[in-house]
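User: I have a model open and would like to go through it with you. Could you start with how the chains meet?

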Amino acid sequence: MSGRLPYDPRPWRVRRDSALGNSSMRDTLQRVAGRLSKAKSTAYGDYQIADKWRLAGVAAKRRAISQIDELVVQVIGEIERHGGKVHRARDAAEAVRCVVEVAQKNGVKLAVKSKSMVTEEIELNKGLEDAGVQVVETDLGEYIIQLAHEKPSHILAPAIHRNRGQVKELFDVEADRQGMAHLANADIEQLTQFARQQLRQEFLSADMGVTGGNFLVAETGTIVLITNEGNADMVTSLPPLLVSIVGIEKIVGTWDDLSYLLQQPALSGVGQRLSSYTTFVSGPRDESAMDGPDQWHVVLLDNGRRNLVGTPEESILSCIRCGACLNVCPVFRQIGGHAYGSVYPGPIGIVVSANLDPSMPSFLDLASQACSMCYACSEVCPMDIPLADEILTLRNHRVKTMAEPLLVRRTYEMWGRLWSTKAGYQKTIRIARLGQRFLIQKKKLRWAPGLFGGWLKTRDMPLIPPETFREWWAKTHGE
Amino acid sequence: MSGREISDVELFVTCLVDLVRPQAGIAAVAALEERGCRVHFSDQQTCCGQFAYNAGHVDQARAMALNFVQAFEGSTRPIVALSGSCAAMVVEAYPKLLKDVLSETAIERIVSRIVELTQWLQSSDPLEGAHEERIRVAYHLGCHMRRLLRAEDSGQEVLRQQGYEVVELGDADQCCGFGGTFSMSEPELSTAMADAKIAALKEVRQQYGVTALVGADMGCLLHLAGRMIRNGDDFDVKYISELLAGGSR
């Protein structure tokens, strides 16, 4: 069955224009996304063997997807053998219900979370809060946007759209709420210290830890979490109860497979050879362990993923959520993540949102709205997902399912019919020349009908000249 | 031109050059002839179909692709295309687009003949007598030339051979925002991307005193020039052939 993803109900025009009107966000994005893209190419440039390992990682991911059903069975067996409990969730609602039940059964009042896109996908925080559980995000970026009551604007760097001045403002509000003094300035060190102090208390008093999973190794049933802040170490070891929600596409077969993939998110996302912290969880603590949770629940989420296995689109399940395609995307750099209206923004977001949740027209429309077909995403993707081609497939699907406005459709049909013969092409030249005689004001075109009018909203267009190239050729080279 | 072998080429002028910048096509003919080519022009040609293909209108794109094949199948000469993006369309998309209507060999016969103008010029001997005085120009490389044709250097290289000093823009790998009909259906976003490119151009204008923006894809150039003119800036924008024909120097 297909999945359901959260969406922003505002129309595209409103989402886009609100992003384009936010100049401080656009400045921050241009700078940070540009820096991350450069860091990635530098990191690869200096690291000869990286590409060979990357390709082995791609093969491992593709293999895992082709064996997904067997690997799911294997991973469940391994996790339960170590005392974990696996729950399978067909969709977002089932996953949330399952986590809420576990929380309620254990009397959870406070949950701490490490960064997880899949919990954004299922809107877990809302589900837990509705059930009376307080949720605290412990990744710095997630903590910032939680204070701002926002959604992530980037799959790896959720607060990429905010500069440090804006972060300080948020922390000042939080300081006021707690009767604390404001930070003296917006130094990165001070900001980090503030978050660290706040979060330390939450870690110690939390009843439940919640994580996603960057990878899930089938042969031992081990969840792999990579962070740069070490917060996943705290989330997985301090609270007595741990819940991990993982999409089934995160499963890889073996530790050998993992070894080729482990560096990839940090290397491709931020140009770091390895994330600062790598956390492995294979089960609740046994009697000999000093710390760790008493219970470990793993929710394996489908939500539209299994449907894609065996289709031409299955390579998108290889995504490791590194964000490299967002960083390099010229559209993302202009509008940021919120304008996409999905928890998954950027090129991979267009492709994943529309394929996981085909029932949502606004996701399909993004393929036409938020892409200039520059192929930068396809080039940069470490998992060799042909993102631009996937977006093209969605555009074609949009045409085939008549999802376009009728006028646009008719324009392409007429244009295509005329330009597939010489006579039709020449006819359009005659029509255009005739038309522009009526439309010219002060020697310039100011308005044109339909699709073509879009150009003239913001740019000039030269007139059809008295002599086109072919007319010049006929005159100078004709018999 | 003594000592040069005469080679016969077909010109694929592209719809944009034909309709709005014929002088770029005329200059391309001159540049090719000066380098020993005999240029042929099949007037059945219209458009490669890329605008429809990239918008998802596969049926319309296929009809135009078939017309393209018919326009050029009468000879075996190389087809020199005045656009990296259109050349990439033929190379990358035609095999997928035409596989149900033409044989693999028929498709291969057309696809293997396509050469983008600067790639062709790069592989032929440069003209003698480069500029004495170095003229600095800014170069914009289209995304499909960069990423699909993988022709990252040919344009800059042929300009240098003719004595131009070529300056690249900052963040050169970022799309200018043209994107075919994306420029019409999403003018606000497309223009925001153009403005970023124009800001990068402004920097090299100030820093290096470049005298023109040059490129080998008419779509990008029309988009950037159209934006600058709308903002009252009539900075010189040129299709690359216009700088390469001897008569133009």
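User: How many residues does each chain bring to the contact between chain B and chain A?
Analyst: The contact, meaning heavy atoms within 4.5 Å, takes 63 residues from chain B and 64 residues from chain A. This is a predicted model, in which local features need pLDDT of at least 70 and side-chain atom pairs count only at pLDDT 80 or more, while totals for chains, interfaces and linings use all residues. Residues are numbered from 1 along each chain as its sequence is written, chains are lettered from A and ligands numbered from 1 in the order in which they are written, and side-chain values use heavy atoms, leaving out hydrogens and water.

User: And what area is buried there?
Analyst: About 5,500 Å² is buried between chain B and chain A, with carbon and sulfur atoms giving 62% of it; buried area is the accessible area (1.4 Å probe) that two parts lose on being put together, summed over both. On the side of chain B, L19(B), M184(B) and R230(B) supply 12% of the area buried against chain A, more than any other three residues.

User: How many salt bridges cross it?
Analyst: The rule, a side-chain nitrogen of Lys or Arg within 4 Å of a carboxyl oxygen of Asp or Glu, finds 9 salt bridges across the interface of chain B and chain A. E379(A) and R150(B) also meet in a salt bridge through their side chains, at 3.4 Å from N to O.

User: Changing topic, which domains does chain A have?
Analyst: An automatic or database domain assignment gives domain 1 (12-305) and domain 2 (420-477) of chain A, and their centres, taken over C-alpha atoms, are 54 Å apart.
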